[in-house]
Amino acid sequence: MGCCVNRHDLGLLVLRAGTGAVLAAHGAQKLLGWFGGGGIEGTTAAMEAMGFHPPKHSALAAGLGEAGGGVLLALGLATPAAGAAAAGAMAGAVAVHAPAGFFAQGGGYEYPAFLGFAAAAIGLTGPGRYSVDHATGHAFNQPWMVALAFAGSAAAAAAVVGRRARAQVPEPEEF
């Protein structure tokens, strides 16, 4: 085979760039209103309607998790934190779509689950040779960062999704 191209690292670059670009575009919809999105105001209203509180903080967290995590994944910079942030944002999206079942054509969680799994896999695997992390000697891609980033993201996602679930339970009627 060729002397200089590593297929493993090239595959990670393609996966990172594609997943990161999709996530960044979704985040830009939420934060900036680009690509037909609602911007922060529209996303805040949507978060409130979906039961996320406080809605503006939820809109910012979702937008930053997607846009920031996506850009960082595409670059291969701070890869564990980027993958964890994007996966955490997608956990919230999965919770919203779960009542509609699995498949996206019926409004289900298939698509955000896939993005979340892809982002998590990249964060756990690492960015590969063709990345900013590699160029900087993996200053932001240390083993302890993987554990810290994923533990923090899992805790935050569980708190947000749990708070939303508790708020969605109807109050018992009093007689």
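These legends go with close-up views of a predicted model.

In this predicted model, local features need pLDDT of at least 70 and side-chain atom pairs count only at pLDDT 80 or more, while totals for chains, interfaces and linings use all residues. Residues are numbered from 1 along each chain as its sequence is written, and side-chain values use heavy atoms, with hydrogens and water left out.

**View 1. R16, a buried arginine without a salt bridge.** R16 sits in helix α1, residues 7-32 (helices are DSSP runs of H or I with at least four residues, numbered from the N terminus). The residue is buried, meaning under 20% relative accessible area with a 1.4 Å probe and protein chains only. R16 makes no salt bridge (a side-chain nitrogen of Lys or Arg within 4 Å of a carboxyl oxygen of Asp or Glu). The nearest side chain of opposite charge is D133, 7.3 Å away; Lys and Arg count as positive, Asp and Glu as negative, and His and the chain ends are not counted. Still, the R16 side chain reaches the backbone oxygen of A74 at 3.3 Å. Beyond four places in sequence, its contacts include L73, G76, I122, P127 and Y130 (contact means heavy atoms within 4.5 Å).

**View 2. I122 in helix α5.** I122 counts as buried because its relative accessibility is 0%. Outside residues up to four places away in sequence, I122 touches L15, R16, T19, L73 and T79. F103 is 19 residues from I122 in sequence, and their C-alpha atoms are 23 Å apart.

**View 3. A100 in the loop between α4 and α5.** The loop runs between α4 (79-97) and α5 (110-125). A100 is partly exposed, at 42% relative accessible area; that class lies between the buried limit and exposed, which is over 50%. Leaving out residues up to four places away, A100 touches three glycines: G106, G107 and G108.

**View 4. Helix α4 and its cover.** The 19 residues of α4 should span 27 Å at 1.5 Å a residue, and the end C-alpha atoms are indeed 27 Å apart (the expected span is 1.5 Å times one less than the number of residues). Among the buried residues of α4 are T79, P80, G83, A87 and M90. What covers the buried residues includes α1, α3 (55-75), α5, α6 (132-135) and α7.

**View 5. Helix α7 against α4 and α5.** Helix α7 covers residues 143-168 and reaches 38 Å from first C-alpha to last, close to the 38 Å expected. Its buried residues, including M145, F150, A157 and R164, pack against α4 and α5.

Definitions and conventions: Helices (H or I, at least four residues) and strands (E, at least two) are DSSP runs, numbered from the N terminus. A polar contact is a pair of N or O atoms within 3.5 Å; within protein, one must be able to donate a hydrogen and the other to accept it, and residues adjacent in sequence count only if both atoms are side-chain atoms.
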